[in-house]
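Hi everyone, thanks for coming. Today I'd like to walk you through one protein model, so please pull up the viewer and follow along.

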Amino acid sequence: MKLNAKLLGFLALVALAVWLRMGQYPDLNLSVSNYDSDRYAEAGELGFPSLRFFTSIQQPTIAWVYQAVEPDSGYQITNISSPGDQLHPPLAWQPGFERITTLQAMVATLAWVALAWAVFRSIETPPLQYLAGGLVVLFGFSPQVVEWDYVMLSEPLAISLLVALLAVSIELIRSLGSEPAAGRGKRLALGVLWLLVSVLWVFARDTNNYMLPVFVVALVALRFWQPNRSQLPTPALLGFGLALVVLFVTASSLAQQSGRWINPFFNNLLDRVLPVAEHRAFFEERGLPVSEELLAEVGGNLTELSLFNLSDLVRWTEQNGTQSYMAFLASHPQWALQEFVEDSQYAFTENAQPFFRRAPEVTPGFLVYLGDLLHPTDSLIVWLVVIQLGALLWLAVRQGDRTRIGLALLFWLFFLGSVGTLFVSIHGDAAGIVRHALSSVLLFRLLLWLLPGYILDALAEKSANKNA
């Protein structure tokens, strides 16, 4: 009876999610494209799996999705948006793209409901279960998140896969820390699912790959957190660690071969290197061909494709660009940190997609207002998250609750990993910082509302133990 009541309560949260998603937002036949959107369809035309497919101009997971659901008539881009050019059209029907919009909405709905379920199950105090699960639903189905489903870019699926990865991670930690131990079959299924979602997520955006080293360190830490070798055999740990190392090396190599990084590298040259004499000299010492044509582009628009016509620059970039910029960051740590902090603050200044005009007659104003509360635009929330993470870990250690310690460490893992991917996103491209930092910033905002439920749950258990 108790279980049925809990299940019915959670189904009420699912009903709320479905009502929000299906009843408060535009028709899924509508969408908007960007100048990059046609590249996903073009990349999807390449043979899968093949080296050309994985080294195309766009991310493999997104290209694969476009290929998988493409209609016989193909995709027709008829509604272009360009925020940099102040072009924000309303949503419109684009033949073929309704399949992408529908798929992105379905994946997002499943991911957010899965996270709400994982959070609901991992909190012990009944009222807090509904509070925490409800906050996940309201956060994930707010306009600030849902409206990305209508944009034909990589962000919608990248966000959903990150949410799904967090949901599976919570379930995996619970299964490893529970007493009695979860069955071997369940642990194996969760581990395989976690690895599958990780692969899809890594190949959805190149910067996601840089969270994998943090995951590898976490696997090492798992041996000390969960010493029961029957639950977490050493061969399984080694296998997962090796798989993540292979994935990191493979994804890094394929991204380098793809050349997707060259245009962002040019943006860094135009915005961060050439305007500063000291920075320019650093690269000139390493052979950067600084020409009048190149210097003429400084101060203009970024993502300037005309730089690809400078054959000497392109050749030098392909051979020396990555290692030169990494050496530059290493030799200018103070500048790199200052740039990171300033651009991180800028990344928080927006919380809504900039590609289309919202239809107020469709999406009610109260949802927008609620979404603004749940998605604050002040970077100070990062420090609030740090305080909450510290409080949760302290409470978990004081109580000696192995599952709660594991969950606290898991949230620390995702937080630190997102700091790393945010650093790579900011220093990887001087243009489009808000968009490129979206996943990291969204996770910080999510943790802000996710962690209080776990902290209050720990305090409630402490109070119950004291009164017992």
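**Cavities, domains and a salt bridge**

Let me begin with a class count: the lining of the second largest cavity holds nine nonpolar, three polar and two charged residues. Before going on, please keep in mind that this is a predicted model.

So where should you look for that second largest cavity? Go to A108, W112, V145, V146 and D149, which lie nearest its centre among the 14 lining residues. Two or more lining residues come from each of helix 5 (97-122), helix 7 (143-146) and helix 8. Helix 5 has the largest share of this lining, with four residues. As for volume, the second largest cavity has about 80 Å³ of space.

How many cavities of 30 Å³ or more does a search of the whole structure find? The search finds two. Let's move to the other one.

The largest cavity contains about 120 Å³ of space. Its lining is made up of 18 residues, and if you click on T207, N208, T421, S439 and S440, you have the ones closest to the centre. Four helices each bring at least two residues to this lining: helix 8 (155-177), helix 19 (402-428), helix 20 (433-436) and helix 21 (438-467). Which helix gives the most? That is helix 8, with four residues. By class, the lining of the largest cavity has seven nonpolar, eight polar and three charged residues.

Now zoom out a little, and let's talk about domains. The protein is split into domain 1, covering 2-258 + 350-467, and domain 2, covering 262-331. Notice that domain 1 is written as two stretches of the chain. Measuring from C-alpha centre to C-alpha centre, the two domains lie 34 Å apart. Where they touch, eight residues from domain 1 and 11 residues from domain 2 take part in the contact.

How do people describe the size of an interface? It is often given as the accessible area lost when the parts come together. Here, domain 1 and domain 2 bury about 740 Å² between them, and 48% of that is on carbon and sulfur atoms.

What about salt bridges? Across the interface of domain 1 and domain 2, the count is zero. The structure as a whole holds 13. One I'd like you to find is the pair E171 and R121, whose closest N and O atoms are 3.0 Å apart. This pair links distant parts of the chain, with E171 in helix 8 and R121 in helix 5, 50 residues apart. You have met both helices already: helix 5 and helix 8 each help to line the second largest cavity.

That's my tour, and I'm happy to take questions.

Conventions:
Residues numbered from 1 in each chain as written. Predicted model: local features only at pLDDT ≥ 70, side-chain atom pairs only at ≥ 80, totals over all residues. Heavy atoms only, no water. 1 Å grid on protein atoms, 1.4 Å probe; cavity = no way out; pocket = protein on both sides within 12 Å on 5 of 7 lines; lining within 4 Å. Points joined across faces, edges and corners; volume = space filled by probe spheres on them. Nonpolar A, V, L, I, M, F, W, Y, C, P; charged D, E, K, R; others polar. Domains from an automatic or database assignment. Contact = heavy atoms within 4.5 Å. Buried area = accessible area lost by both parts, 1.4 Å probe. Salt bridge = Lys/Arg side-chain N within 4 Å of Asp/Glu carboxyl O.
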